[in-house]
Amino acid sequence: MSLSEASPRPSRETHVAPAAANEPVACVARPAWVEVDLGQLAANIRRIRADLQAAVRLLYVVKDEAYGLGAVPAARVALANGVSQLAVYTIEEGAVLRAAGITAPILILGERVPDEVSGVLSTGLVPCVGTLEMARFFDAAGTARGRRVPIQVKINSGMNRYGFHWRQAAEWTAGLAALRGIEVVGMLSHFAQSDEEDKTFARQQLGRFRECLAIWTAAGLSTGCVHMCNSGGFLDLPEAHFDMVRVGLLAGGVYPSSVCRRIEGLGPVLSVRTRIVAEQQLEPGDTVGYGMRWSAERPARVGVLPIGYGDGFPRVRNQGAALIRGHRVPIVGGVAMDALTVDLTDLPEAVLGDEAVLMGRQGNEEITAQEVARLKQSVTYDVLVGWRRRLPRVFRNETGSAS
Ligand SMILES: *Cc1c(COP(=O)(O)O)cnc(C)c1O
């Protein structure tokens, strides 16, 4: 039977969206997945919370699906374990949290454009504002509605991306003070480098931020909640904690660098797992995969893992490893879009169906996000958000009870 016989194409007039359009597609779980340990996330949040002065609030940055964890489940667990605010980068990210019933304050980072003003307000997000032009748009919206729009003032202290420039603090202070339709509920800045050993530039930025705050308060204005630290700043710059810290990466149990302070008990939340789904016996001289990039030097057994660069794994060849039965086995040949191969010759106990870990822990072994970042020639942030949506997310320890 041809496809057209099975489902005749409806005419334009009679066409209606299929009923199934919004329903989940029933399918068997794929033998390759991202595992998110919400119990570990809860534990991490509690450790971070316990490490902070009691008066300092904890904001959890959940942009880009909470760095790949899943924004809604991650936000829920975090809010139940000591986080008081969230931050996103797009209105849609904020709207998804609101639609899930999350009522906590949500800061929207970066800079908005005029077309986004109504979306920010209808979603109940608090925008960061770094130009007088955008401040005036929010001011006009507040005046039109008869109530002040809460905003946070973003200060550029040296990152030179978003924000009012520290050198012009007197000017923008006066400009903002004149606006009656906005209410400044916070002031923030962002470090260009907070997780390296050399904190010279970070301290310079901190000094500039303090100068801006002094000019602001000298004008008789209230700063609201003051904050500057990301994960690196939270760990290594306690003098910059102010009223709140903004933590993203570290909540997932991944450190921003190898030199920043360590907190006992933090562990990785996200792991990437698959299974051996095929195997091949090779004779010396036989090759594996596209381009014949690896050849057996002895009788060898190769296992196939159904995950590739189309899922976000780095496109390496003869580099990297998987964990199987608690042992490291090397990746051999080139990583393809949907598959990669590992040398099982020295692991005779491995059988079809065994779990293989490409990032995360198994037994006493671990492949860290840093290790995958080296393969990807990138940073851990990129590795975490780089696992593609076609890998299903499997949530463990959903109650989020801290271990
Ligand atoms: C992403 C982001 C953070 C969080 O940074 P981490 O290093 O992941 O903790 C904090 N502040 C701003 C402005 C950000 O964009």
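Tutor: Before we begin, a definition: contact means that heavy atoms lie within 4.5 Å. Please also keep in mind that this is a predicted model.

Student: How many helices and strands are there in the protein?

Tutor: The protein has 403 residues, of which 50% are buried, and its C-alpha trace spans about 80 × 65 × 40 Å along the principal axes. Its secondary structure comprises 12 helices and 21 strands.

Student: Among contacts between residues at least 6 apart in sequence, what percentage join residues at least 24 apart?

Tutor: One example of two residues distant in sequence is the pair alanine 32 and alanine 356, which are 324 residues apart along the chain and have C-alpha atoms 9.1 Å apart. Across the protein, when contacts between residues at least 6 apart are considered, the share that joins residues at least 24 apart is 66%.

Student: Which residues of helix α11 are buried?

Tutor: Helix α11 covers residues 369-376, and seen down its axis the buried residues fall within an arc of 160°, so they line one face of the helix. As background, an α-helix has 3.6 residues a turn, so residues three or four places apart point the same way. The buried residues of α11 are Ala369, Val372, Ala373 and Leu375.

Student: Which elements do the buried residues of α11 pack against?

Tutor: Beyond the helix itself, α11 is followed by glutamine 377, whose phi is positive, near 50°. The packing partners of the buried residues in α11 include two strands and a helix, namely β19 (355-362), β20 (365-367) and α12 (380-385).

Student: Which residues come nearest to the ligand?

Tutor: The shell around the ligand holds 7 nonpolar, 4 polar and 2 charged residues. From the 13 residues around the ligand, those that come nearest are Lys63, Tyr67, Ser231, Leu249 and Tyr381.

Student: What is the distance between an oxygen atom of the ligand and an N or O atom in the side chain of serine 231?

Tutor: Polar side-chain atoms approach the ligand from several residues, among them tyrosine 67, with such an atom 2.6 Å from an oxygen atom of the ligand, and arginine 246, with one 2.9 Å from a nitrogen atom of the ligand. For serine 231, the distance from an N or O atom of its side chain to a ligand oxygen is 2.5 Å.

Student: What percentage of the surface that the ligand exposes when taken alone does the protein bury?

Tutor: Taken alone, the ligand exposes 390 Å². Of that area, the part buried by the protein is 95%.

Student: Which elements give two or more residues to the shell around the ligand?

Tutor: The answer names one helix and one strand, each giving at least two residues to the shell. They are α3 (63-68) and β10 (244-247).

Student: Is aspartate 64 buried, partly exposed or exposed?

Tutor: Aspartate 64 lies in helix α3, and its phi is near 45°, a positive value in a residue other than glycine. Buried means under 20% relative accessible area and exposed means over 50%. At 33% relative accessibility, aspartate 64 therefore counts as partly exposed.

Student: Which residues does arginine 389 touch, not counting residues up to four places away in sequence?

Tutor: Arginine 389 lies in the loop between α12 and β21 (393-396), and a polar atom of its side chain is 3.4 Å from the backbone oxygen of tryptophan 387. Glutamate 65, which is placed in helix α3, has a positive phi of about 55° although it is not a glycine. Once residues up to four places away are left out, arginine 389 touches Asp64 and Glu65.

Student: What is the relative accessible area of alanine 32?

Tutor: Alanine 32 lies in strand β1 (residues 32-37), and beyond four places in sequence it touches Arg273, Thr274, Pro306, Ile307, Leu391 and Pro392. Alanine 32 counts as buried because its relative accessible area, which has to be under 20% for that class, is 0%.

Student: Which residues is threonine 123 in contact with, leaving aside its neighbours within four places in sequence?

Tutor: Threonine 123 is placed in helix α6 (residues 117-123), and at 13% relative accessibility it counts as buried. Leaving aside neighbours within four places, its contacts are Ile91, Gly94, Ala95 and Arg98.

Note on methods. Residues are numbered from 1 along each chain as its sequence is written. This is a predicted model: local features need pLDDT of at least 70, side-chain atom pairs count only at pLDDT 80 or more; totals for chains, interfaces and linings use all residues. Side-chain values use heavy atoms; hydrogens and water are left out. A residue is near a molecule or strand if one of its heavy atoms lies within 4 Å of it. A polar contact is a pair of N or O atoms within 3.5 Å; within protein, one must be able to donate a hydrogen and the other to accept it, and residues adjacent in sequence count only if both atoms are side-chain atoms. Accessible areas come from the Shrake-Rupley method with a 1.4 Å probe; for residues, only the protein chains shown count as cover. Helices (H or I, at least four residues) and strands (E, at least two) are DSSP runs, numbered from the N terminus. Ala, Val, Leu, Ile, Met, Phe, Trp, Tyr, Cys and Pro count as nonpolar, Asp, Glu, Lys and Arg as charged, and the others, Gly among them, as polar. Buried means under 20% relative accessible area, exposed over 50%, partly exposed in between (1.4 Å probe, protein chains only). The arc is that of the directions from the helix axis to the C-beta atoms.
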